[in-house]
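Take a look at the structure below. We will start at the ligand and then move outward to a helix and a loop.

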Amino acid sequence: MDRVLVLSGPNLNLLGTRQVDIYGLATLEAIHESLAKLAQELGVAVDCRQSNHEGELIDWIHEVRESHVGIVFNLGAYTHTSIAIADALRAISLPSVEVHLSNIHAREAFRAHSHTASAAIGVVTGFGPASYTLGLRALMDYLGRSNQD
Ligand code: DQA
């Protein structure tokens, strides 16, 4: 079965208790469960990982370059700072979708810029936990279309 890496970056392990006015009450574990359910419907397997460490996120991106068919990623604050992760995404040939729980364009100005968005097919931002499932749907839709070429 095809596998998709779902990558979450720093502080996302604290979802459910972290700034709930912005990020809501859903835990990352609950988000992973809804992704697994959707993945089953779509006939794909999800491999959900979270790290607070930039290098580990980069290592995982390298690791899946031949074993997985795509990546859904929420890099947390590394979105706005990490040229290294953006380079890692560009260094592999897998399609990816960037997701954010909050609408990064409706917050502080520094959040509006993403180093990594231009390495992705597209971005889903502002739909809470549904950003992850919408991101997975978008990736699978893209893969279905590119396989028809
Ligand atoms: C976030 C938005 C980022 O700006 C922030 O640093 C996060 C979470 C989101 O999902 O809304 O950690 O990626």
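How far is an oxygen atom of the ligand from an N or O atom in the side chain of S102? The distance is 2.6 Å. Keep in mind that this is a predicted model.

S102 does not act as the sole polar partner here: a polar side-chain atom of H80 lies 2.7 Å from a ligand oxygen. L101 uses its backbone instead, with an N or O atom 2.8 Å from an oxygen atom of the ligand. The protein covers 99% of the 330 Å² of accessible area that the ligand has on its own. The ligand sits in the largest pocket. Residues around the ligand include R18, Y23, N74, H100, R107 and R111.

Two residues around the ligand, H100 and L101, lead on to a helix. Both are in contact with S131. So where is S131? S131 belongs to helix α6, which spans residues 130–147. Its relative accessibility is 0%, under the 20% cut-off, so S131 counts as buried. Its other contacts beyond the sequence neighbours include V99, V124, T125 and G126.

Now turn to the loop between β1 (3–8) and α1 (20–23), where N11 is found. Q19 is in the loop between β1 and α1 too. Most residues other than glycine have a negative phi. N11 is not a glycine, yet has a positive phi of about 75 degrees. For Q19, phi is positive as well, near 35 degrees. N11 is partly exposed, with a relative accessible area of 37%. Q19 is also partly exposed, at 42%.

Methods. Residues numbered from 1 in each chain as written. Predicted model: local features only at pLDDT ≥ 70, side-chain atom pairs only at ≥ 80, totals over all residues. Heavy atoms only, no water. Helix = DSSP H or I, 4+ residues; strand = E, 2+ residues; numbered from the N terminus. Buried < 20%, exposed > 50% of the residue type's maximum accessible area, 1.4 Å probe, protein only. Contact = heavy atoms within 4.5 Å. Near = heavy atom within 4 Å. Polar contact = N/O pair within 3.5 Å; in protein donor to acceptor, adjacent residues only side chain to side chain. Areas by Shrake-Rupley, 256 points an atom, 1.4 Å probe, with all protein chains shown as cover. 1 Å grid on protein atoms, 1.4 Å probe; cavity = no way out; pocket = protein on both sides within 12 Å on 5 of 7 lines; lining within 4 Å. Sits in = over half its atoms within 2 Å of the grid points. Lists of a residue's contacts leave out its neighbours within four places in sequence.
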